[in-house]
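User: I've got a model open and a few labels I'd like to see justified. Can you walk me through them?

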Amino acid sequence: MKKIVFIATMLLASVTLIARQKPADEKWQQPPTQEQAMVQRLYEVQASGSDSDFYEAHKAFMNYLEEHKDWDKYYRTWMSRVIYDVNHKYFHRAFQEINYITDDIEERHQERYLYIANMGLGFFYIGRNQPELGEKFFRRALQGIDAENDPVSVFNCYLSLAQSLSFIRPAEAMACLDSLPQKMLENPMYDSGVLGYRCIIANKMGDYEAFERYFMKYDSIRHHLPDQFNATNLQQVMVCHSLIRKDYQAALAWCDSIDVPLTATELRISVYEQMGDWKHAFRASELKDSFLLVAEREALELHTADMARDIDLLQAEQEKAHIRHIQLVVVGLMALAIIGLLIGMLVYRHNKNLRLQEQFIQLQEARRRTEAGQAIRRAFVSTIQEKLMSPINMLIGYAHIFNDPDFVLKPEERPKRYKDILHAARAIESLMDPMLESYARGTVGISDEEKQVCMDALRSPLLTLINTSEVIIDGNGQIPHEEYMQLRASVCRDAYRVATSTHQLILFSIYNDEIPSPKPNRIGLNELVRSILNSYDLHPSVIEKQRVLVTEFKTEVADDVMVDTNPLLQELLNCLLDNADKYATGGTVLMSCHANADGTYAISVSNEGPVIPAADVERIFDPFVRLSPDEHSLGIGLSLARRLAISMGYNLFLDQTFTKGVRFVVSGI
């Protein structure tokens, strides 16, 4: 679905944002105007995938168009914001923008542009996998367009309608493409985009003769007019082309180049099935099922919410029944004359209570099933964790190795090493959406804004890591040494950030159900803490910070003191060490063991650096809180540490008496 909407984004933007084409005269050779420069900037940031850059460039262009009262381009440009949000699955934002567009059109009395709001709803429902509703609103938009004076909008609307129909009635979708204004198709960029889409629909209809006819024209533009070729749908077209020629290896190679996991997986299933490779087809189907599992979990959450409301209603009914029973007893003592009536009422109440008890038992069973569903969710996240442990450990291992400035990697060895990093990053990227959705469906859940924080904190370094690794691989050892060392430092930093953030988010998702964790292991307290500190490595960013930082262990507890604990204690202390390491300005990161007056023990982790303000003492333990606006971390380290502490029956707090830096204390051990 995302791929289809992205086609609409490319064609809509290319048709609507650029002014009508001009002849290739001497005026066209002059430097670009301010409007053209702003349009070019908007295209560049849209392709970069940076939300903040896109919204900033979009707002600047909108202000420019509003100032010049160019309402035609103004509303078309506004629509590009809706399509961008739909493509990135920011459906709430997209729906809000559609409402804002409608209100703005009414306030400015520009009702002739109301068709744009209908087109926005069409894209919204296509993005939500509801093509029938998408078709409905695209047809409404067509009714509101002045076809004679606005062929550009007719072109966009017919193309969008074809996209929605392709999911349910491909023959009608092809007919819509036949209705496109031919004048628009004189431009090779628009023509190649439509031809690519015709190839996909023809393949879906099994009309291979039509496919070959469209593909010849499509491939001709691709080879003879590469600068004007629309490559938006190239991978899907080439997969279809390879399958028709039974070139399965080429088809799989084109599948690998598709950056939408679900689309790539669905195409691989078709390739494997046509090859008769049922083993790989089954594995690809399992991966597809994991993408679709999100919808099933959403249905389960809705069912759970309904059951919770039923339980609340039942409890309210029970309280009312109890009050009425007391009232009946009082009335019986006061008026024996109506005892017969009271007996009848009591029998009625008794039977009603029996029914309520039966319903309560049923709801208890439903709650048990709900808890079982949560257990299934935790098992699903654990499965993701198992799949991610290998790439996470690989990224951390390379980060630690590359952090050593004395480590030398020969140029001929670089492609192999960085391909390992690239494959690990791709593996994490492929499971990022299921991982975030699994957390969003937990007991606590996250808002859209918090989910976006997760996406920004993970996807930005992940994409940087992938792009940097690809640059080094493509360099094939020919990159100058100084530039290579800078790229290696970037890989080192981003690999560590991606690996630790992903690992923390998985733990945060698994342990957000407030289920107590057992403490099956008995071990010496000093031995445990000393081992954790010795196995901890300073952040790969230490070299860049040019600070001197050391670790130290102190204890007030005898070496023979044994405690019962859980392996999660190491994850808890690693979170505190990460925080201490990250914000230390130098000096010592100190871990200490202490004995409490109540017979329990405590572990403290401290650094030398800035002090946390009193107003933020508890706020820092909230998930996704970042005290500095310039910080782009995930912001769940301390929240995860406290959640793990609570699950094991411990207490985690900030020691406000410590003024040399920051000291966190885990007590009750």
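Analyst: Sure. This is a predicted model. Let's start with a cut-off: a residue is called exposed when its relative accessible area is over 50%, and buried when that is under 20%.

User: What makes Leu 336 count as exposed?

Analyst: Its relative accessibility is 62%, and the cut-off for exposed is over 50%, so Leu 336 counts as exposed. You'll find Leu 336 in the loop between helix H15 (278-334) and helix H16 (339-402).

User: Which residues make the nonpolar surface patch with Leu 336?

Analyst: Ile 339, Ile 343 and Val 347 make the patch together with Leu 336, and it covers about 380 Å².

User: On to the sheet. Why do E2 and E6 count as edge strands?

Analyst: The five strands run in the order E2-E4-E5-E7-E6, as an open sheet with mixed pairing. Strand E2 (549-555) and strand E6 (651-654) each have a single partner strand, so one side of each has no neighbour in the sheet. On average, neighbouring strands here are turned by 15° against each other, ignoring direction.

User: How do you know that E5 and E7 pair?

Analyst: Pairing takes at least two bridges. Strand E5 (residues 601-608) and strand E7 (residues 661-667) have six, in the antiparallel sense. For a spot to look at, Ser 604 stands opposite Val 665 in E7.

User: And which strands does helix H21 lie across?

Analyst: Helix H21 (residues 525-535) lies across E2, strand E4 (586-595) and E5, at about 175° to E2. Helix H24 (residues 637-647), in turn, lies across E6 and E7, at about 145° to E6.

Key. Residues are numbered from 1 along each chain as its sequence is written. This is a predicted model: local features need pLDDT of at least 70, side-chain atom pairs count only at pLDDT 80 or more; totals for chains, interfaces and linings use all residues. Side-chain values use heavy atoms; hydrogens and water are left out. Patches are made of residues with over 30% relative accessible area and no salt bridge: like charges are joined within 9 Å, nonpolar side chains (Val, Leu, Ile, Met, Phe, Trp, Tyr) within 5 Å. Accessible areas come from the Shrake-Rupley method with a 1.4 Å probe; for residues, only the protein chains shown count as cover. A salt bridge is a side-chain nitrogen of Lys or Arg within 4 Å of a carboxyl oxygen of Asp or Glu. Helices (H or I, at least four residues) and strands (E, at least two) are DSSP runs, numbered from the N terminus. Buried means under 20% relative accessible area, exposed over 50%, partly exposed in between (1.4 Å probe, protein chains only). Axes are lines fitted to C-alpha atoms, for helices over the stretch in contact, and angles run from 0 to 180 degrees between N-to-C directions. Contact means heavy atoms within 4.5 Å.
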